[in-house]
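User: I'd like to go through this structure and press you on the labels. Each time you call something by a name, I'll ask what backs it up.

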Amino acid sequence: MHKKVDRILLLALDCATINLAYGFYYWLRIGSGWFEYAAEPDLWVPMGIVYVYWLVLFFFFGLYRHWYAQSRLDEVLTLFRTTAVGTLVLFFLIFLEEQPAGAVSARELIVVYWFMLFVFVSAGRLAIRALQKRLLEAGIGARNTLIVGWSKKAFDLCDMVLRYPALGYRVVGFVAPPRPAQKKRKSAYKGISVVGTTDVLPDLLERHAAREVLVGLDSTDHSQLLDIIRSCNGREVGMKIIPDLYDIVSGQARINSIYGFPLIEVTPEIMKPWEETMKRTMDIIVASLVLIVGAPLWSLVSVAIVVDSRGPLFYRQVRVGRNGERFTMLKFRSMVEDAEKLSGPKWAEKNDARVTRVGRVIRRLHIDEAPQFINVLVGHMSLVGPRPERAYFVDKLEKELPLYRRRLRVRPGITGWAQIKYRYDQSVEDVRTKLKYDLFYIENMSWRMDL
């Protein structure tokens with residue numbers, strides 16, 4: 001089932017079960033006549049407010065992530081923790097009220113509400129998971145999958161997928177390691193053909209609309225793993241690897257046991273949903289404060305730039321952002337107009353002759369970066385993250401540096417771990433060194449690390 005359809009169904013089902021739990025609680029407390037109350041409260045407005053509250057909380061705790069091939073028990077346990085924490089907060093925010101002497105208080109009924117909420121929402125989610133499983137077993141909603149490898153490990157992976165259709169994998173072909181002897185071997189296994197080799201994996205992903213890659217390389221082909229990861233980075237493709245390749249993987253991974261078959265999932269979701277929300281909230285607050293509080297300074301800088309040299313106030317340049325999306329990054333212009341007209345794309349140099357008099361000052365103080373807070377507000381950038389690069393250099397560096405495209409997995413930043421650990425880019429070797437810092441940040445990124 002497609003991720004969007006899955007999420008829409010979950011949202012609709014949770015809406016029904018959350019409101020059903022509140023309606024049952026309201027009837028128990030008011031309609032049953034079993035408990036005394038000072039004044040009859042409204043039903044619909046509190047119900048709507050409580051639903052929005054749970055909706056936000058469920059997003060924070062990751063309950064609207066995709067749950068393919070995940071344990072239903074894990075989902076229920078996450079739901080248990082979320083409803084327990086959320087109900088405890090409601091206990092203090094909403095359900096504290098004065099009660100007639102001798103009456104059962106709302107503080108006691110909150111336990112009943114939490115139990116009903118957990119049971120109703122859990123039952124609804126288990127029901128939809130059962131329906132999804134039936135649909136997947138019937139071949140409806142399965143994701144096109146490529147198995148990388150042509151060995152016993154790859155065949156074992158294929159056997160597991162064919163044995164358990166509820167996993168949601170539809171194998172559309174094998175991707176074999178490129179070697180001359182490959183032509184002499186059989187080209188199919190259990191009716192599934194070899195559709196190409198690993199050196200053309202990006203084209204195969206597009207051609208077969210693959211959404212999953214299962215890696216079952218033989219030990220003699222370990223050296224190709226980084227190229228395979230690089231081919232999948234920046235694409236909406238899930239990737240799982242047989243565990244004995246774990247020591248080669250440079251990235252965040254977790255081991256899952258799928259029907260007793262252990263696989264490493266190279267996870268596309270690096271931060272928890274609540275941390276992503278906090279990171280984005282911090283971006284908006286800080287960017288707004290910098291732009292508003294610093295408005296007098298930005299006005300003076302603008303006047304100085306216009307007076308000092310001919311050309312526009314802002315320097316606009318197309319950069320590559322999250323998931324390869326391109327955006328226009330803003331800076332205060334610090335160089336002469338059309339600085340790259342003759343030289344073409346190049347990195348700035350020390351004592352660069354293209355830099356204006358005002359440009360030298362604002363570059364030294366990093367004031368030229370201030371308009372990027374507008375990019376942060378729009379959502380193209382974050383306060384902290386790998387620096388965005390031009391498409392020209394991304395295409396060039398991707399060919400020279402393994403895993404360079406992994407930087408595009410996250411929103412680029414005004415500053416980052418590499419910027420405070422290493423000097424300004426002046427060569428490919430500088431980029432190579434800073435890439436290590438960028439990958440370290442990506443693999444360990446958190447809201448706390450940003451702070």
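Analyst: Let's start with a cut-off we'll need right away: buried means under 20% relative accessible area, exposed means over 50%, and partly exposed is what falls in between. Keep in mind that this is a predicted model.

User: Fine. Why is Arg125 called buried or exposed, whichever it is?

Analyst: Arg125 has a relative accessible area of 3%. The limit for buried is under 20%, so Arg125 counts as buried.

User: And what makes Arg125 and Asp14 a salt bridge?

Analyst: Their closest N and O atoms are 2.7 Å apart, and the rule asks for a side-chain nitrogen of Lys or Arg within 4 Å of a carboxyl oxygen of Asp or Glu. Arg125 sits in helix 4 (residues 106-137) and Asp14 in helix 1, so this contact ties together parts 111 residues apart in sequence. Asp14 is buried too, as its relative accessible area is 0%.

User: Which other residues are linked with that pair in a network of salt bridges?

Analyst: The network takes in Asp14, Glu75, Arg125 and Arg129. Glu75 and Arg129 have their own salt bridge, at 2.8 Å from N to O. That one links helix 3 (residues 72-93), where Glu75 lies, with Arg129 in helix 4, 54 residues away. With relative accessible areas of 3% for Glu75 and 4% for Arg129, both of these residues come out as buried. Over the whole count there are 12 salt bridges.

User: How do you know that Glu212 and Lys240 meet in a salt bridge?

Analyst: Their N to O distance is 3.7 Å, and the cut-off is within 4 Å, so the pair qualifies. Glu212 is in strand 5 and Lys240 in strand 6, 28 residues apart. Both residues are buried.

User: What makes strand 5 and strand 6 a pair?

Analyst: They share 4 bridges, running in the parallel sense, while at least two bridges are enough to call strands paired. Within that pairing, Leu214 stands opposite Lys240 of strand 6. As for strand 6 itself, Gly238 and Lys240 point one way and Met239 and Ile241 the other, with all of them buried. That fits a general habit: side chains in a regular strand alternate between the two faces of the sheet.

User: How many bridges join strand 9 and strand 10, and in what sense do they pair?

Analyst: There are 7 bridges, in the antiparallel sense. One detail of the register is that Gln317 has Met329 as its bridge partner in strand 10. The hairpin has 5 residues between the strands, and Asn323 in it takes a positive phi near 60°. Strand 10 (residues 326-332) is mostly covered, with 5 of its 7 residues buried.

User: On to the rings. Why is the pair of Phe24 and Trp27 called tilted?

Analyst: The ring centres lie 6.0 Å apart, and pairing needs them within 6.5 Å. The planes meet at 40°; under 30 degrees would be stacked and over 60 edge-to-face, so tilted is what remains for this pair. Both residues lie in helix 1 (residues 3-31), 3 residues apart, which is about one turn. Phe24 at 38% and Trp27 at 41% are each partly exposed.

User: And what are the values for Trp54 and Phe58?

Analyst: Their ring centres are 6.0 Å apart and their planes are at 50°, so this pair is tilted as well. The two residues are 4 apart in helix 2 (residues 44-60), about one helical turn, and both are buried. A search of the whole structure gives 18 aromatic pairs, and one aromatic cluster is formed by Trp150, Phe155, Phe174 and Tyr189.

User: Which residues touch the most other members of the largest nonpolar core?

Analyst: Leu205, Val215 and Met239, out of 29 residues in that core. Apart from it lies another core, of 28 residues, including Tyr22 and Trp54.

User: Last one: why is Val293 called buried or exposed?

Analyst: Its relative accessible area is 64%, and exposed starts over 50%, so Val293 is exposed. Val293 belongs to helix 8 (residues 273-293), and with Ile285, Val286, Leu289 and Ile292 it makes a nonpolar surface patch of about 490 Å².

How values were computed
Residues numbered from 1 in each chain as written. Predicted model: local features only at pLDDT ≥ 70, side-chain atom pairs only at ≥ 80, totals over all residues. Heavy atoms only, no water. Buried < 20%, exposed > 50% of the residue type's maximum accessible area, 1.4 Å probe, protein only. Core = buried A, V, L, I, M, F, W, Y, C linked by side-chain atoms within 4.5 Å. Patch = residues over 30% accessible without salt bridge, like charges linked within 9 Å, V, L, I, M, F, W, Y side chains within 5 Å. Areas by Shrake-Rupley, 256 points an atom, 1.4 Å probe, with all protein chains shown as cover.
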